[in-house]
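This report introduces a structure to a reader who has not met it before. It begins with a strand pairing and then moves outward to the sheet, the helices and the confidence of the model.

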Amino acid sequence: MEVCGSSNVSLREFGCEQSLLSRPDGSASFVQGDTSVLAGVYGPAEVKVSKEIYDRATLEVLIQPKVGLPSVRERSQEQCVRETCEASLLLTLHPRSSLTLVLQVLHDDGSLLSCFLNAACMALMDAGLPMSCLFCGVTCAIDADGQIITDPTAAQEKESRALMTFAIDSKECRVMMSSTKGSFSVHELQQCIAVSQKASEKIFQFYRDSVKRRYSKTL
Amino acid sequence: MKITFGTDYGCCFVELGKTRVMAQVSCELVAPKESRPNEGIMFFNIELSPMASPTFEQGRQSELSVKLNRQLERCLRNSKCIDTESLCVVSGEKVWQIRVDVHMLNHDGNLMDAASIAAITALCHFRRPDVGIQGDEVTVYSPEERDPIPLSIYHMPISVSFSFFQQGTYLLVDPCEREERVMDGLLMIAMNKHREICSIQSSGGIMLLKEQVMRCSKIASVKVSEITELISKALENDKKARKAGGRCGFAESMPQERITALKMDETPVEMTEVTDRANDIVQKAEAPSQTVPSPVVPVPGVGQVGQGLQNTWGLEEEDEEEENDNSGEDEEVKETKMEVEQHDKEGSKQEDVVEISDSEEEEVVILHPETPDKAPKHTGPSFHQKGAAASKKKQKK
C-alpha cells in the first residue's frame, strides 16, 4: 500500500518552559498542541547500593499519569524513554550515582510518548547533564486512507490504522527508539521514518532557539 | 498565589509561592457502599510525586503522605461540603464515585494548604456527565450530547497552616520548606468563608494557649475570605474564557515574556523528497538479500534452509538480532538482515513443526511466510522472553 506523499503534514504548535520548578536539578514543561508534560530531573545523586552500577550512573524514569496509579502502560513508556536517554547520556562520567527523571502528564491529547521524549530532553539539558547527542520524539499515524499524519491528536490517533513513535538523534538523524502499534507495510514504515526525520529538524531548531533565547542578554 | 485551570473540567493548578500542586477530578459510575445506598462516594488521593522533592519515593507510603491524605479527607469529607446524595443515580445500584487526585509538583513548604485549595477549586470546576433515567435504563450522555453538570457544593473549606517557634513565641503563617524544617509545631485550621471551622489539627507537641488559638483562628478567617475571593475570581475568568470559545489549559497559561519559555506556531513539514527517499531505502534494502548464502531465497517471502539439520547458529544470532530490533533500530541494513533471517526461521519452522510442539513455549503460531512484516512483530516477544532457554533447548535437540 503506497502512502500518498503529497499531503501536507504539520506539527502542532509547541512550547517549552525550562527551570520552572525550584527543587529538581532540572525541569522543563513541554507542550504540543494541547498535550502537555512536566519533567523533573534529579542527579547525579546518591544511589542505593542495590541499584548501583560500578562504572556508570543508574537512570530511573518514572511516569505519573494524571488519574490513578501507574500501571503497565506507564511501565512500557518508561522503558522506551529510559532506553533513549541511556543511549544519549554519557553515563560513564558519573559512576555509582543515580539520575532520576520524573514525568508528569498534565494533559493528554495525543502524541504522548513523543511529548515525554521532548520534555525529557529539555529537562536533561536544563539540569546540565552531559549528553552525546540530543534526541527528540516524533509520532506518526497512518489513517484509514493511508495518509501519514504527524503529531496526531487523540481523536486522530483513535481513527488511525497504525501509530508509530520514533526517537531521533540530533547528530545524524538516526532512529534511536521506535514504538509502534497497528499494522503497516515496510514502505509505510520507511516513509514514516523519513517524515519523522524531516520533522525532527524542526524540533531541533526549536531546541536551539529556546536555549539561545535563554542565554542571550536580550529577549 | 496563582490559580490556573487545565483544558478539561476538573483540572486545576495552584502555585503557592514556589510550591506547585495539580489536582484532577474524575468520576465513574459504581455500586454504592452497603451502609449508604443512596449516597455517592468521594475518594481522595494525594500523590507525593518524586518530582516534588528528592526525599519523596515512588510507591512508599511515607508518614507525610498518610498525614496529608488523612487531613484532606477530614477537611473535605467530614465537613460535608459536597452534597453526596445528589450523586446518587439509582439508589442501591449506581452512584457516582468522584475521585480527586492531587499531585505535588514542587515542595517548597505548606503542601497541605496548597492541596486543599487545589482540591476544592478542582471540585468547583468539575462537571459531571448528565444522566437520564427511563424506568430501569440509565443513559449517560457524553459532553457533546448534553452539557455536563457541576457538582453541588455547599461551602468551600480551606486550610491555613501556622508554624510555631520557640515554644509559641513566634508565629508564622504559611511556612515555606526551610521554615517547616526548623519549626517546633504546626497548627492547621480549616475554615470556610462563613467563619465555620471545619477541622483543626495541632501537631509537633507544642502546648498552645487559648488566646493563641483564638488569634490564629482570626487570622485564618481573614486569609480564608481572601483566598475564597481569589478562587471565585479565577473560576469566573475561566468560565468567561470557555464561553468565548478560546483555548484554555496549561498550554495557554504558559508565560510568554520569560527568557526560559518559548513557543512556536504550527509548522508544516516538507514531504517532497519523502517518497523518493523511502523508495530508495526499500530498494537498497532488498538488494543484499541475495548475497547471503545460508538461507536460500528462491522467491521473496519464502525461505528455505538446506536439507537436513536445522541451522542453530542462525537461530541464535537472530534471537540477538530480535532483541536489538525490539529496543532500537539503527540502520536499515540490520532490518533486512532480520528479514532474511526471518525467512530462515520460517523455513526451519516448516520442517520441524513436531519438535516445536514439545517445547515449553506457550503458544507457537506458524505464520505464513508471505508476511515477513508481521512475523518479527509476533514471534519477537515470545522469543525475547524465552530466547535463551528456547535456543538452548533447540541445540540439545
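In chain B, Met188(B) has Gln201(B) of strand β14(B) as its bridge partner. The model in which this pairing appears is a predicted one.

**The hairpin and its sheet in chain B**

The pair Met188(B) and Gln201(B) belongs to an antiparallel arrangement in which strand β13 (residues 185-191) of chain B is joined by 6 bridges to strand β14 (residues 197-203) of chain B. Met191(B) faces Ile197(B) of β14(B). The hairpin of β13(B) and β14(B) has 5 residues between the strands, and Arg195(B) there adopts a positive phi near 60°.

The hairpin strands are part of an open sheet of 4 strands in chain B, ordered β12-β11-β13-β14 and paired antiparallel. At the edges stand β12 (170-173) and β14 of chain B; each has a single partner strand, so one side of each is left without a neighbour in the sheet. On average, and with direction ignored, neighbouring strands of this sheet are turned by 20° against each other.

**Helices on the sheet**

Two helices of chain B are in contact with strands of this sheet. Helix α1(B) lies across β13 and β14 of chain B and runs at about 155° to β14(B). Helix α2(B) packs on the sheet as well, where it touches β11 (158-165) and β13 of chain B, and its direction makes about 175° with that of β11(B).

**Helix pairs in the two chains**

Two packed helices are described by the angle between their axes and the distance between the axes. The table gives these values for one pair in each chain.

| Helix pair | Angle | Axis distance |
|---|---|---|
| α1 (residues 63-76) and α2 (residues 111-125) of chain B | about 45° | 10 Å apart |
| α1 (residues 72-88) and α2 (residues 112-127) of chain A | roughly 40° | within 10 Å |

With an angle of about 45°, α1(B) and α2(B) are therefore oblique to each other. The crossing of α1(B) past α2(B) is right-handed. From α1(B), the residues Leu64(B), Leu68(B), Gln71(B), Leu72(B) and Leu76(B) meet Leu111(B), Met112(B), Ala115(B), Ser116(B), Ala119(B), Ile120(B) and Leu123(B) of α2(B). The residues of this contact of α1(B) with α2(B) comprise 10 nonpolar, 2 polar and no charged.

In chain A, the axes of α1(A) and α2(A) cross at roughly 40°, which makes α1(A) oblique to α2(A). Here α1(A) passes α2(A) in a right-handed crossing. Helix α1(A) contributes Gln77(A), Cys80(A), Val81(A), Thr84(A) and Cys85(A) to the contact, while α2(A) contributes Leu112(A), Leu113(A), Phe116(A), Leu117(A), Ala120(A) and Leu124(A). The residues of the contact of α1(A) with α2(A) are 9 nonpolar, 2 polar and no charged.

**Confidence of the model**

The model as a whole has an ipTM of 0.88 and a pTM of 0.77. In chain A the average pLDDT is 89, and 95% of the residues score at least 70. Residues 1-6 of chain A keep a pLDDT under 50, and the model has 17 contacts for them beyond four places in sequence.

For chain B the mean pLDDT is 75, with 64% of its residues reaching 70 or more. The pLDDT is below 50 over residues 315-359 of chain B, a stretch with 86 contacts in the model beyond near neighbours in sequence. It is also below 50 over residues 371-397 of chain B, where the model has 51 contacts beyond near neighbours in sequence.

How values were computed:
Residues numbered from 1 in each chain as written. Chains lettered and ligands numbered in written order. Predicted model: local features only at pLDDT ≥ 70, side-chain atom pairs only at ≥ 80, totals over all residues. Heavy atoms only, no water. Axes fitted to C-alpha atoms, helices over the stretch in contact; angles between N-to-C directions. Parallel < 35°, antiparallel > 145°, perpendicular 65-115°, else oblique. Left-handed = near helix turned anticlockwise from the far one by under 90°. Contact = heavy atoms within 4.5 Å. Nonpolar A, V, L, I, M, F, W, Y, C, P; charged D, E, K, R; others polar. pLDDT = per-residue confidence, 0-100. Pairing = 2+ DSSP bridges.
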